[in-house]
Amino acid sequence: MIVGIILAWPETSVNRFPAPMQTNGIPPIVIDARGLLCPEPLVRTRLALRLAAAGAIVEIQATDPLAALDIEVLCARGGAVYLGCTSDAEGLHTIRIVKP
């Protein structure tokens, strides 16, 4: 499920990404995969990549610790460009990728 556009970064998150980040004027697509287990975050990411324009940033918010690894492998196989993953104290992982 593509949730919407993230407008601001929470102050409590630890991230290495500028906010807000855009590529070619396209706002990031945010996928809320919190509470979902493997393979659902990956399935939703693949769907978002199919629907996204080239150069679009997709941000996945997941609580499944394996989601970051699954999505990194998807990127390594050529599905997207992996930008990185950050995690906060509550176990929320924010993964950012770009559609080639």
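The following questions and answers set the values computed for this predicted model against the definitions of the terms used.

Local features need pLDDT of at least 70 and side-chain atom pairs count only at pLDDT 80 or more, whereas totals for chains, interfaces and linings use all residues. Residues are numbered from 1 along each chain as its sequence is written, and side-chain values use heavy atoms, with hydrogens and water left out.

Q: What is the mean pLDDT of the protein, and which elements have the lowest and the highest mean values?
A: The pLDDT is the predictor's confidence in each residue, from 0 to 100. Its mean over the protein is 82, and 74% of the residues reach 70 or more. Among the elements, strand β1 (residues 2-4) has the lowest mean, 49, and strand β5 (residues 93-98) the highest, 97. Over residues 1-20 the pLDDT is below 50, and beyond near neighbours in sequence this stretch has 42 contacts in the model; a contact means heavy atoms within 4.5 Å.

Q: What makes the secondary structure of the protein come to 2 helices and 5 strands?
A: Helices are DSSP runs of H or I with at least four residues and strands are runs of E with at least two, numbered from the N terminus. On this basis the elements run β-β-α-β-α-β-β.

Q: Why is A48 called buried?
A: Buried means under 20% relative accessible area, exposed over 50%, and partly exposed in between (1.4 Å probe, protein chains only). A48 has 1% relative accessibility, so this residue counts as buried. A48 is placed in helix α1; its C-alpha is 8.0 Å from that of I31, although the two residues are 17 apart in sequence.

Q: Why is C38 called partly exposed, and C75 buried?
A: The relative accessible area of C38 is 44%, so C38 is partly exposed. C75 counts as buried because its relative accessibility is 7%. The structure holds 0 disulfides, a disulfide being a pair of cysteine sulfur atoms within 2.5 Å.

Q: What is the form of the peptide bond from C38 to P39?
A: This bond is cis, with omega near 10°. P39 lies in the loop between β2 and α1.

Q: Why is β2 described as largely enclosed by the rest of the structure?
A: The description holds because 4 of the 5 residues of β2 are buried.

Q: How do you know that β2 and β3 pair?
A: Two strands pair if DSSP finds at least two bridges between them. β2 and β3 have 5 bridges, in the parallel sense; V30 has E59 in β3 as its bridge partner.

Q: In what sense do β4 and β5 run, and how many bridges join them?
A: Strand β4 (residues 81-87) and β5 run antiparallel and are joined by 6 bridges. G84 stands opposite R96 in β5. Their hairpin has 5 residues between the strands, and G91 takes a positive phi near 90°.

Q: What makes a set of residues a nonpolar core, and which residues have the most contacts inside the largest one?
A: A nonpolar core is a set of buried Ala, Val, Leu, Ile, Met, Phe, Trp, Tyr and Cys residues joined through side-chain atoms within 4.5 Å. The largest has 20 residues, and those with the most contacts inside it are L49, V58, I60, I71, I95 and I97. Two or more residues each come from β2 (29-33), α1 (40-51), β3 (57-62), α2 (67-76) and β5. The largest share, 5 residues, is that of α2.
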